[in-house]
Amino acid sequence: MKLLFAAVCALLLLLNAGHVESRRHGDDGDYDSGRQYKLFVFGDEFADAGNYPLADLTKTTRAWYYPYGSNDKDHGTSPSGRFSNGLVLSDFVARIMGMKESPPAERKREQDGVDPSGMNFAVGGAGVVEGTHDAPKLGTQIDKFRRMVRHGIIDKDLTDSVALIAFSGKRDYARAADMTNSEVTAMAQDVTDKIASAVEQLTDLGVEKVLVSTLPPLGCTPWLSRSPSPGGGYDASCDGQKVASVHNAYLEEKVFKDKAVFNLDLKMMFKRLTAASGSNSKQFKYKQEPCCESVDQAGYCGQMDDGDAQYTLCYKPDKYFYWDEINPTQAGWKAVVEELEESIKNFLHI
C-alpha cells in the first residue's frame with residue numbers, strides 16, 4: 001500500500017509540473033496566476049488600441065502618425081493607433097487584471113485564434129448610436145463579438161471575462177455646444193438605451209463583469225472650452241455639463257443598478273484631476289490646455305500642410321492632463337485609473 005501511495009503522489013506531482021497556464025498578452029510572467037482574466041473592449045478613441053484602419057493622414061487616421069505615440073516607450077515611441085502620446089484607458093484597465101496592455105485590436109487578429117487575454121473592438125471615431133464603416137457603432141462591435149463567440153472563435157466559456165465599454169461622447173454629441181435641452185434629452189435617452197442593451201447582451205452571453213464609463217465633462221474639454229478667438233485660451237469657468245449630467249443620470253437609472261456593472265466614473269475623475277486646486281490636481285500644471293494643439297480650431301493634432309506642422313506640441317506631456325482636443329495624455333489616463341484602481345479591484349475580487 002505504501003508503494004502504491006508513493007506512486008500516486010509521484011504521478012500527481014508530474015501532472016502538476018506539466019500543467020502550464022497560458023501566458024496573457026504582453027505579460028512578463030510577474031503576476032498572481034490565481035485567475036486568468038479575459039478582457040473584451042468596446043468603445044471609441046478612449047479605448048482603441050489600433051483598430052482604426054491605417055490610411056493617409058486625416059483627422060480620423062491621425063493616431064497612426066506623429067506626434068501620436070511619441071512618448072510610448074511600450075511601442076518604441078511610435079504611433080500604435082492609440083489616440084494619445086502613449087497608452088490609453090483600456091491599457092491601464094488591462095494592467096489591473098495583470099496584463100501589460102490592452103488585448104490586441106480585433107483588426108490585427110490572426111485567423112488561427114484569439115489571444116488568451118481577450119480582444120479589443122473599440123474604434124476611434126465610433127459612437128454608441130452613430131458610426132461609420134471604418135468606425136462601427138457600439139451595436140456593430142457587440143454583434144461582431146457575438147458572432148465570434150457563436151462560431152467558437154472566442155471561447156464560449158466566458159468565465160472570468162470582463163467587458164469595458166468606454167466612449168468619449170465626441171461622435172454622438174458632436175453638436176453638444178448647439179443642442180437644445182430637448183435634443184440633449186432625446187439623444188441621451190437613445191445613447192443610454194443602447195448602452196444598457198449592450199450590457200444585457202454581453203451578460204447574456206456569459207460575460208461576468210462589465211465596466212461602463214460615464215461621459216466626461218464635455219464642456220471642460222479643450223474641444224468645447226477653447227476660445228473661438230485666436231490666442232483666447234480656455235474657459236476656466238466652463239459649465240457646459242448639461243450633456244454629461246443628463247447622460248450620466250440615465251446611465252445611473254438604466255445601467256449602474258445592475259450588480260454586474262461597475263461605474264467607471266470618468267466625469268468625477270476628470271473633474272478631480274483638473275480642478276483649479278486640490279491635492280489630486282497638483283500633478284497637472286496644465287489642466288485644460290492640450291499638449292498637442294491645432295493652430296486652427298477646426299484643425300487637429302498632427303495636421304500637416306505641405307510639410308509644415310499645423311499644430312504646436314508641448315515639451316512636458318506629463319504636466320498636461322489632455323493630449324488633444326478630447327483625449328487625455330498617457331499621464332492623464334494613468335492618473336484616472338489609479339484613482340479608480342482600488343474600487344475596480346474590489347469589484348473584480350482581485
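Arg175 pairs with Glu183 in a salt bridge, with 3.4 Å between the closest N and O atoms; the term covers a side-chain nitrogen of Lys or Arg within 4 Å of a carboxyl oxygen of Asp or Glu. Both partners sit partway out: Arg175 is partly exposed at 45% relative accessibility, and Glu183 is partly exposed at 31%. On this scale, buried means under 20% relative accessible area, exposed means over 50%, and partly exposed lies in between, using a 1.4 Å probe and protein chains only. The model is a predicted one, in which local features need pLDDT of at least 70 and side-chain atom pairs count only at pLDDT 80 or more, while totals for chains, interfaces and linings use all residues. Residues are numbered from 1 along each chain as its sequence is written, and side-chain values use heavy atoms, with hydrogens and water left out.

Side chains of opposite charge can pair when their charged atoms come close. Across the whole structure, the search turns up 14 salt bridges. One of them joins the side chains of Arg95 and Asp74, at 3.6 Å from N to O. This pair ties together distant parts of the chain, 21 residues apart: Arg95 belongs to helix 2 (residues 89-96), and Asp74 to the loop between strand 1 (38-43) and helix 2. Helices (H or I, at least four residues) and strands (E, at least two) are DSSP runs, numbered from the N terminus. Arg95 is partly exposed, with a relative accessible area of 34%, and Asp74 is partly exposed too, at 31%. Elsewhere, Arg62, Asp324 and Glu325 are linked in a network of salt bridges.

Helix 2 itself is largely enclosed by the rest of the structure, because 7 of its 8 residues are buried. Those buried residues are Leu89, Ser90, Asp91, Phe92, Val93, Ala94 and Ile96. After helix 2 comes Gly98, with a positive phi near 95 degrees.

Turning to helix packing, the axes of helix 3 (residues 138-150) and helix 4 (residues 181-205) come within 10 Å and cross at roughly 10 degrees. Helix 3 is therefore roughly parallel to helix 4, a label given to angles under 35 degrees. Helix 3 brings Leu138, Ile142, Asp143, Phe145 and Arg146 to the contact, and helix 4 brings Lys194, Ile195, Ala198, Gln201, Leu202 and Leu205; contact means heavy atoms within 4.5 Å. By class, 7 of these residues are nonpolar, 1 is polar and 3 are charged. Within helix 3, the side chains of Asp143 and Arg146 form a salt bridge of 2.7 Å, N to O. These two lie 3 residues apart, so about one helical turn separates them. Asp143 counts as partly exposed at 31% relative accessibility, as does Arg146 at 24%.

As for the interior, the largest nonpolar core holds 82 residues, of which Phe42, Phe145, Ile165 and Tyr173 touch the most other members. Such a core is a set of buried Ala, Val, Leu, Ile, Met, Phe, Trp, Tyr and Cys residues joined through side-chain atoms within 4.5 Å. Its largest share, 9 residues, is supplied by helix 8 (residues 330-348). Leaving aside residues up to four places away in sequence, Ile165 touches Phe42, Leu138, Ala198, Val199, Leu202, Val210, Leu211, Val212 and Ser213. A second, separate core has 8 residues, among them Tyr68, Cys291, Tyr311 and Trp323.

How values were computed:
Axes are lines fitted to C-alpha atoms, for helices over the stretch in contact, and angles run from 0 to 180 degrees between N-to-C directions. Angles under 35 degrees count as roughly parallel, over 145 as roughly antiparallel, 65 to 115 as roughly perpendicular and the rest as oblique. Ala, Val, Leu, Ile, Met, Phe, Trp, Tyr, Cys and Pro count as nonpolar, Asp, Glu, Lys and Arg as charged, and the others, Gly among them, as polar.
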